[in-house]
Amino acid sequence: MEIRKIVLIQPGREGRIFGKAPAASYTLMRLASLVPDDVEVEIWHHDWEPVEQKLLTLTKHDLVGITAKTLEIEQAEYFAQLARQAGVQAIVVGGSHATLMPEDVERWADVVVTGEAYRTWPKIIEDFQNDTLQPRYDDTEWADLSGVAPLSDRVIRQVDEVRHYWTPMMEITRGCPRNCSFCTAIRVSGQKMRFRPIDEIVEEIERRKIDRFFLTDDNFGLAFVIDPEYTEKLFLALEKLPLRGWTTQAEMAVSKYPELLKLAKRAHMDKLFIGFESVNPENRRELGGKSKGQMKQYHQAIQAIQKTGIGVVGLFVFGFDFDTPQVMWDTWNFAKESGLDSLSTTVLTPYPGTPFRKQLIEENRLIPNKSWRYYDTAHVTYYPKLMSVEEFEREYDKVCRAIYSPYRIAQRGLRALSRHPVRRMPAKLFGSFSTDYGYRRTFAWRHATSLPR
Ligand code: SF4
C-alpha cells in the first residue's frame, strides 16, 4: 500500500508540568530514526499534546505504531479505536506489555510486536508498503547496542526535547544479570548486560545538544562491577563534556568502588537512584541478590556514595510476603536517619511475565477485575500475605503523607542542594526538589477521582 506517513504514539497520563512534559519517548525516537528518509514520520506524545483529535485526521494510508507499558495499555487500545474509526488499517503495538503479554494485545491490535523491535520495525514498514503485513513480529535476539538505531537529525529536530520536555533520556547500558522476582526490565531487556560504545554515546550527546539526562538503563550500577575498565573510560569521556548533570538507577554495590565514584562525580553525575527495595531482611530472596534488607549496610552505602559528592535517592517497595504495616514505618524511620536526598516508596505490583505474578496466580491472590490502569505502583492489585488490602492502603497513605509532606520535601531538597558549591546552587535548585515532587505526584494518583484509560 502506498504510505502517506508513519505516526508513532506514546500514551501518557501526566500531561505538562509547568509548561513541559516530563520526558520524551527515547524508544520512539530511535524507532522513528529507522524510518527511511523518503517516508514522513511523526511522534505524537500524549503528555505533550493530547492525541485524540489528531488521530481522527489519519487515513488508511497511514501506518500507526503505539508503544505502551502495562499501565498505559488501555489508553493504547482507546487510541487504536480512534485511529480505526478514522480509517487506519494497520495499527502496530509494541512495548513492554505487548512483549510480556502478547495475547492481551492481539485482541485489538492489527500487528503485535514483541522484543526490542530494532530488527523487525524496518521489515514492518516494508511489509506495509508491499501489502504483506503479518499479525505478529517477534524480535527474539538482544541487539548488540553498537550502532543500533542512532537518533537521526530529523527526529532530534522534530522532538525538540529542550523546548518540550523536562528530562532528556539517554542509554548507556541495557539488561541486568540480577533476578528480582518483581522485575519486568530483565524480562524485556534480558539478563546479559550490554554496553554502548563510548564514542557513540559522546557523539549522541553532542549532536542532541543536551547538557543533562536520565539514563534509561535498567541497572547502570552493575557496570562498575562487570566492566570497571569500560566504566572508567566512559567517565573520563563524559568529564570532557559541558554537562550540567546526569542521573541513573543503580544498585548499592557501587559504594564499593570509591575511585570510580570520584570519577563519576567528575563526569558530572548528580545522583544515583539506588534500589534498596526493602528494609525487611526476610524479603531478601525476592531481591535478586543486590540488597539483603540490612539497614546497616544501606547506611554505609549511602554515606560512601554521598562522601564523593553524589546524591542518593532511595527506592523502596512495600507489600512483599513478609511485610506488615510496621515495615513501612521502619522504612520511614530509616529514611529520616540515613540522610537520603530523595525517597521513593511504591506498592509492589505484579506485572505480567514476572515470577511474582505467577506465584500470585497460583495462590489465587490477584484482586479480580483490577484493570491495567491500576498497575501504577500506587494501587494495591493483589491480596498481601500478612495484612489486609485495607490495612496496606491505610498505612501506605499515612506513611506517604509523612514522607511527601512539603516540610519533608523541603528538608531533603535543601540537604541535597547543600552538597553543591554556592556558585552551582542556582543550576541545582530545580533538580534538588524535583525528584521528591515527582514521587509525590505518583502517590497522588492513589486518590485521583478517575484514572485516565
Ligand atoms: S536489579 Fe533492578 S533491573 Fe536488575 S533484576 Fe533487580 S529490579 Fe530488575
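Among contacts in the chain between residues at least 6 apart in sequence, those that join residues at least 24 apart make up 75%; two residues are in contact if their C-beta atoms, placed from the backbone, lie within 7 Å. The model is a predicted one, in which local features need pLDDT of at least 70 and side-chain atom pairs count only at pLDDT 80 or more, while totals for chains, interfaces and linings use all residues. Residues are numbered from 1 along each chain as its sequence is written.

The chain has 19 helices and 14 strands, taken as DSSP runs numbered from the N terminus (helices: H or I, at least four residues; strands: E, at least two). Its radius of gyration is 22 Å, close to the 22 Å from the globule rule for 453 residues, so the chain is as compact as a globular protein of that length. The radius is taken over C-alpha atoms, and the rule is 2.2 Å times the number of residues to the power 0.38. Along the principal axes, the C-alpha atoms fill a box of roughly 65 × 55 × 40 Å. Of the 453 residues, 46% are buried. A residue is buried if 20 or more other C-beta atoms lie within 10 Å of its own, exposed if 12 or fewer, and partly exposed in between, with C-beta atoms placed from the backbone.

Two residues illustrate these classes.

| Residue | Helix | C-beta atoms within 10 Å | Class |
|---|---|---|---|
| Gln75 | helix 3 (residues 73-85) | 22 | buried |
| Arg441 | helix 19 (residues 425-444) | 14 | partly exposed |

Gln75 and Asp139 are 64 residues apart in sequence, with 24 Å between their C-alpha atoms. For Arg441 and Tyr404, 37 residues apart along the chain, the C-alpha separation is 9.4 Å.

The axes of helix 15 (residues 325-338) and helix 17 (residues 389-403) come within 9 Å and cross at roughly 10°. Helix 15 is therefore roughly parallel to helix 17 (angles under 35 degrees count as roughly parallel). Axes are lines fitted to C-alpha atoms over the stretch in contact, and angles run from 0 to 180 degrees between N-to-C directions. Pro325, Met328, Trp329, Trp332 and Ala335 of helix 15 meet residues of helix 17 including Glu391, Glu395, Tyr396 and Val399. The residues of this contact comprise nine nonpolar, no polar and two charged.

Around the ligand are 13 residues, of which Cys176, Arg178, Cys180, Cys183 and Asp218 come nearest (near: C-beta atom, placed from the backbone, within 6 Å). The shell divides into five nonpolar, four polar and four charged residues. Ala, Val, Leu, Ile, Met, Phe, Trp, Tyr, Cys and Pro count as nonpolar, Asp, Glu, Lys and Arg as charged, and the others, Gly among them, as polar.

Notes. Angles under 35 degrees count as roughly parallel, over 145 as roughly antiparallel, 65 to 115 as roughly perpendicular and the rest as oblique.
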